[in-house]
Amino acid sequence: MLVIGIAGGSGSGKTTVVRAIVDQLKDRVVVIPQDSYYKDSSHLSEEEKRSQNFDHPDSIDFALLTDHLKQIKEGKSIEQPVYSYVTCSRSKTETVTVKPADVIIIEGILIFTCPELRDQLDIKIFVDADDDDRLMRVMSRDIIERGKTVDWVIERYSKTVKPMYLQFIEPSKRYADIIIPQGGHNRVAIDIISATIEKSLNTNK
């Protein structure tokens with residue numbers, strides 16, 4: 001089993017890189033998104049939810065994520081949480097069953113900030129992209145997928161996304177084994193990584 005961590009700022013192109021690897025490896029890979037492990041905030045008021053900082057390490061339930069990864073590596077299935085950005089809550093009734101696979105991808109902006117999680121990763125990849133490109137992707141995603149307004153996205157970007165990127169995410173790049181510039185548009189880097197993964201899997205058969 002190969003455990004790969006893919007980090008980078010919001011809108012850097014992490015999802016594009018993950019999809020490209022999944023497309024090549026098919027059913028040999030499963031993806032565990034950091035976003036499923038946000039702490040439940042259903043107890044907060046609507047005002048408090050609007051000011052929620054999703055880009056701070058304290059917002060992630062790393063204890064549960066690291067425990068789930070340990071279970072997967074032991075060959076056990078896990079019940080991955082289901083988190084809603086709309087309600088800022090974790091479902092109390094719904095989970096996603098994740099079974100072990102040859103390749104486990106942990107994907108998220110903050111995964112390299114947790115030492116216990118980093119220690120469980122065999123390959124650490126940081127997806128890099130220009131600030132302007134990331135802002136455009138964040139705006140598109142939050143407006144289309146999460147029903148946010150342009151003003152809300154811009155305010156959140158200036159107050160939390162950019163400052164948290166500079167404080168926590170960008171410094172975590174030093175832990176990466178591989179840095180992919182130009183985000184998900186770097187097809188050469190993606191192909192090389194996919195080939196390296198396949199070679200590693202074939203060697204360990």
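What is the volume of the largest pocket? In this predicted model, the largest pocket has a volume of about 760 Å³.

**Lining of the pocket**

The lining of the largest pocket comprises 31 residues, and those nearest its centre are Thr 15, Asp 35, Glu 107, Arg 141 and Arg 146. At least two lining residues come from each of α1 (14-25), β2 (29-33), β3 (78-84) and α5. Helix α1 makes the largest contribution to the lining, with five residues. The composition by class is tabulated below.

| Class of lining residue | Number in the largest pocket |
|---|---|
| Nonpolar | 11 residues |
| Polar | 10 residues |
| Charged | 10 residues |

**Packing of α5 and α6**

Helix α5, which supplies at least two residues to the pocket lining, also packs with helix α6. The axes of α5 (residues 131-144) and α6 (residues 150-169) come within 10 Å, crossing at roughly 135 degrees. An angle from 115 to 145 degrees counts as oblique, and the two helices are therefore oblique to each other. Their crossing is right-handed.

On the α5 side, the contact is formed by Asp 131, Arg 134, Leu 135, Val 138, Met 139, Arg 141, Asp 142 and Ile 143. These residues meet Val 150, Trp 152, Val 153, Ile 154, Arg 156, Tyr 157, Lys 162 and Tyr 165 of α6. The contact residues of the two helices include 10 nonpolar and six charged ones, with no polar residue. Arg 141 of α5 takes part in this contact and is also one of the residues nearest the centre of the largest pocket.

How values were computed. Residues are numbered from 1 along each chain as its sequence is written. This is a predicted model: local features need pLDDT of at least 70, side-chain atom pairs count only at pLDDT 80 or more; totals for chains, interfaces and linings use all residues. Side-chain values use heavy atoms; hydrogens and water are left out. Axes are lines fitted to C-alpha atoms, for helices over the stretch in contact, and angles run from 0 to 180 degrees between N-to-C directions. Helices (H or I, at least four residues) and strands (E, at least two) are DSSP runs, numbered from the N terminus. Angles under 35 degrees count as roughly parallel, over 145 as roughly antiparallel, 65 to 115 as roughly perpendicular and the rest as oblique. A crossing is left-handed if the near helix is turned anticlockwise from the far one by less than a right angle, and right-handed if clockwise. Contact means heavy atoms within 4.5 Å. Ala, Val, Leu, Ile, Met, Phe, Trp, Tyr, Cys and Pro count as nonpolar, Asp, Glu, Lys and Arg as charged, and the others, Gly among them, as polar. On a 1 Å grid over the protein atoms alone, a cavity is a set of points where a 1.4 Å probe fits but cannot get out, and a pocket is an open set with protein on both sides within 12 Å along at least five of seven lines; lining residues have an atom within 4 Å of a point. Grid points are joined across faces, edges and corners, and a volume is the space filled by probe spheres set on the points.
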